[in-house]
Amino acid sequence: MKTIYVLNGPNLNLLGLRDPATYGTQTLADIESNCQKVADRYGLELVFRQSNHEGELVDWIHEAGAQVAEGNCVGVVLNAGAYTHTSVALADAISGAFVPTIEVHISNVHARESFRDHSYLSPVAAGVIVGLGTYGYELGIQALAHLAEE
């Protein structure tokens, strides 16, 4: 069974509590449960993680890339949170590990503060899902499953 990684960056552990008007009321555990259902539907093993530490996210992207190279993983769904707008390291990890990545944002980052318009990840991502709430995670899994079939 192939694996799919769903990685979450800083402050996403606060979902359900943090600014529900922007991020909704679902918790990270709710999102994981929904992702598990979609992964099961595609016959994928789910690895679901969250960290507030950039280096740990980089390590997990490297781990996923190694699994992709071995034919054991279809890729990463990544909500890097604020690191999207600041982290060259995450962009380098994605491109360096050759891991297909779908960048996901719960809110429409383009309708928010102007600094959120820039993403270091978008140029190296296979696709970007923005503003569809937590459903974006499910779409990200579906997108990677579809790309893996091609």
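Q: Where does D92 sit in this predicted model?
A: D92 is placed in helix α4, which covers residues 88–97.

Q: Why is D92 called partly exposed?
A: The relative accessibility of D92 is 48%. Buried needs a value under 20% and exposed one over 50%, so D92, at 48%, falls in between and counts as partly exposed.

Q: Which positions share the "binding site" annotation with D92 in UniProt?
A: The unreviewed UniProt entry gives that feature to N79, H85, I106, S107 and R116 as well as to D92.

Q: What makes S107 buried or exposed?
A: S107 has a relative accessible area of 8%. The cut-off for buried is under 20%, so S107 is buried. This residue is found in the loop between β4 (101–105) and β5 (127–130).

Q: Why is the contact between E63 and R49 called a salt bridge?
A: The N to O distance between these two side chains is 3.1 Å. The rule asks for a Lys or Arg nitrogen within 4 Å of an Asp or Glu carboxyl oxygen, so the pair of E63 and R49 qualifies. In general, side chains of opposite charge can pair when their charged atoms come close.

Q: What makes this pair a link between distant parts of the chain?
A: E63 belongs to helix α3 (residues 54–69) and R49 to strand β2 (residues 45–50), with their positions 14 residues apart in the numbering. As for exposure, E63 has a relative accessible area of 32% and is partly exposed, and R49, at 24%, is also partly exposed.

Q: How many salt bridges does the rule give?
A: The count is one.

Q: How do you know what span to expect for α3, and what does the model show?
A: For the 16 residues of α3, a rise of 1.5 Å a residue predicts 22 Å. From the first C-alpha to the last, α3 reaches 23 Å, which is close to that expectation.

Q: Why are the buried residues of α3 said to share a side?
A: The buried residues are L57, V58, W60, I61, A64 and G65. They lie on the same side of α3 because their arc around the axis covers only 165 degrees. These residues pack against β1 (3–8), β2, β3 (73–79) and α4.

Q: How do you know whether the span of α2 agrees with expectation?
A: Helix α2 runs over residues 28–41, which is 14 residues, and should span 20 Å at 1.5 Å a residue. Its end C-alpha atoms are 20 Å apart, so the two values agree.

Q: What makes the buried residues of α2 a single side?
A: Here the buried set is L28, I31, N34, C35, V38 and A39. They cover an arc of only 140 degrees around the axis, so they are on the same side of α2. Their packing partners are β1, β2 and α5 (135–149). On the face turned away from that buried side are the exposed residues A29, K37 and R41.

Q: Why do C35 and C73 not count as a disulfide?
A: The closest cysteine sulfur to that of C35 is in C73, at 14 Å. A disulfide needs two cysteine sulfur atoms within 2.5 Å, so 14 Å is too far for a bond. The count of disulfides is zero.

Q: How do you know whether these two cysteines are buried or exposed?
A: C35 has 0% relative accessibility, and C73 has a relative accessible area of 5%. Because buried means under 20%, C35 counts as buried, and C73 does too.

Q: What makes N11 and F98 stand out in their phi angles?
A: Neither is a glycine, yet N11 has a positive phi of about 75 degrees and F98 has one near 55 degrees. N11 is in the loop between β1 and α1 (20–23), while F98 is in the loop between α4 and β4.

Q: Why do N11 and F98 get separate exposure labels?
A: The relative accessible area of N11 is 34%, so N11 is partly exposed. For F98 the value is 68%, and exposed means over 50%, so F98 is exposed.

Q: Which glycines follow helices α2 and α3, and what is their phi?
A: G43 follows α2 with a positive phi near 70 degrees, and G71, just after α3, has a positive phi of about 80 degrees.

Note on methods: Residues are numbered from 1 along each chain as its sequence is written. Side-chain values use heavy atoms; hydrogens and water are left out. Helices (H or I, at least four residues) and strands (E, at least two) are DSSP runs, numbered from the N terminus. Buried means under 20% relative accessible area, exposed over 50%, partly exposed in between (1.4 Å probe, protein chains only). UniProt positions are given in the numbering used here, feature names are shortened, and annotations may be inferred rather than shown by experiment. The expected span of a helix is 1.5 Å times one less than its number of residues. The arc is that of the directions from the helix axis to the C-beta atoms. Contact means heavy atoms within 4.5 Å.
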